[in-house]
Amino acid sequence: ALVLLARAAGDAVPRLVAEVRGLGAWAPTAFVAGYAVAVVLAVPASLLTLAAGALFGLATGTAVVLAGATVGAAAAFLVARHLARDAIARRVTRHARVGPLFDAVV
């Protein structure tokens with residue numbers, strides 16, 4: 001199953017590169033947005049990181065990946081803090097060790 005998934009992802013990277021290149025000056029912004037969404041959805045971003053290097057080069061690709069990861073981390077925090085807080089609280093408070101820690105932090 002992992003081999004099939006890797007092949008599908010490997011085929012998707014060239015299509016992604018072509019799509020992003022077609023956006024012209026908006027390509028870095030679109031890539032940052034897509035990377036951020038991948039971070040929020042907990043998608044492994046190693047292929048996206050490599051694609052950024054292939055698309056934008058080393059320096060710009062690094063900056064784009066750092067921006068996408070930062071925006072994604074902030075968005076994931078906001079989702080966990082505001083949208084998923086009740087669901088997380090229900091799961092965490094069941095555990096004797098973690099429940100009091102959660103109460104102290106929140």
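**View 1. Aromatic pairs in the predicted model.** A search of the whole structure, a predicted model, finds 2 aromatic pairs. One of them joins Phe31 and Tyr35 in a tilted arrangement, with 6.4 Å centre to centre and 35 degrees between the planes. Both residues lie in helix H2. They are 4 residues apart, about one turn of the helix. Phe31 is buried, with a relative accessible area of 4%. Tyr35 is buried as well, at 6%.

**View 2. Phe31 and Phe56, an edge-to-face pair.** The ring centres of Phe31 and Phe56 are 5.7 Å apart, and their planes meet at 85 degrees. Phe31 belongs to helix H2 and Phe56 to helix H3, so this pair ties together parts that are 25 residues apart in sequence. Both Phe31 and Phe56 are buried. With Tyr35, they make up one aromatic cluster.

**View 3. The largest nonpolar core.** This core has 15 residues. Val20, Phe31, Tyr35, Leu55 and Phe56 have the most contacts inside it. Four helices each supply at least two of its residues: H1 (2-21), H2 (27-40), H3 (46-56) and H4 (58-83).

**View 4. Surroundings of Tyr35.** Residues up to four places away in sequence are not counted here. Beyond them, Tyr35 touches Ala45, Leu48, Thr49, Val65, Gly68 and Ala69. Two of these partners, Val65 and Gly68, are buried residues of H4. Tyr35 itself is buried, with a relative accessible area of 6%.

**View 5. Helix H4 and its cover.** H4 has 26 residues. From its first C-alpha to its last it reaches 36 Å, close to the 38 Å expected at 1.5 Å a residue. Gly61, Val64, Val65, Gly68 and Gly72 are buried in this helix. H2 and H3 are among the elements that cover the buried residues of H4.

**View 6. Val40 beside H4 residues.** Val40 lies in helix H2. Leaving aside neighbours within four places in sequence, Val40 is in contact with Gly72, Ala75, Ala76 and Val79. One of these partners, Gly72, is a buried residue of H4. The C-alpha atoms of Val40 and Ala73 are separated by 6.9 Å, although the two residues are 33 residues apart along the chain. Is Val40 buried or partly exposed? Val40 counts as partly exposed because its relative accessibility is 32%, and buried would require under 20%.

How values were computed. Residues are numbered from 1 along each chain as its sequence is written. This is a predicted model: local features need pLDDT of at least 70, side-chain atom pairs count only at pLDDT 80 or more; totals for chains, interfaces and linings use all residues. Side-chain values use heavy atoms; hydrogens and water are left out. A nonpolar core is a set of buried Ala, Val, Leu, Ile, Met, Phe, Trp, Tyr and Cys residues joined through side-chain atoms within 4.5 Å. Buried means under 20% relative accessible area, exposed over 50%, partly exposed in between (1.4 Å probe, protein chains only). Contact means heavy atoms within 4.5 Å. The expected span of a helix is 1.5 Å times one less than its number of residues. Rings of Phe, Tyr and Trp (its six-membered ring) pair if their centres lie within 6.5 Å; planes under 30 degrees apart count as stacked, over 60 as edge-to-face and the rest as tilted.
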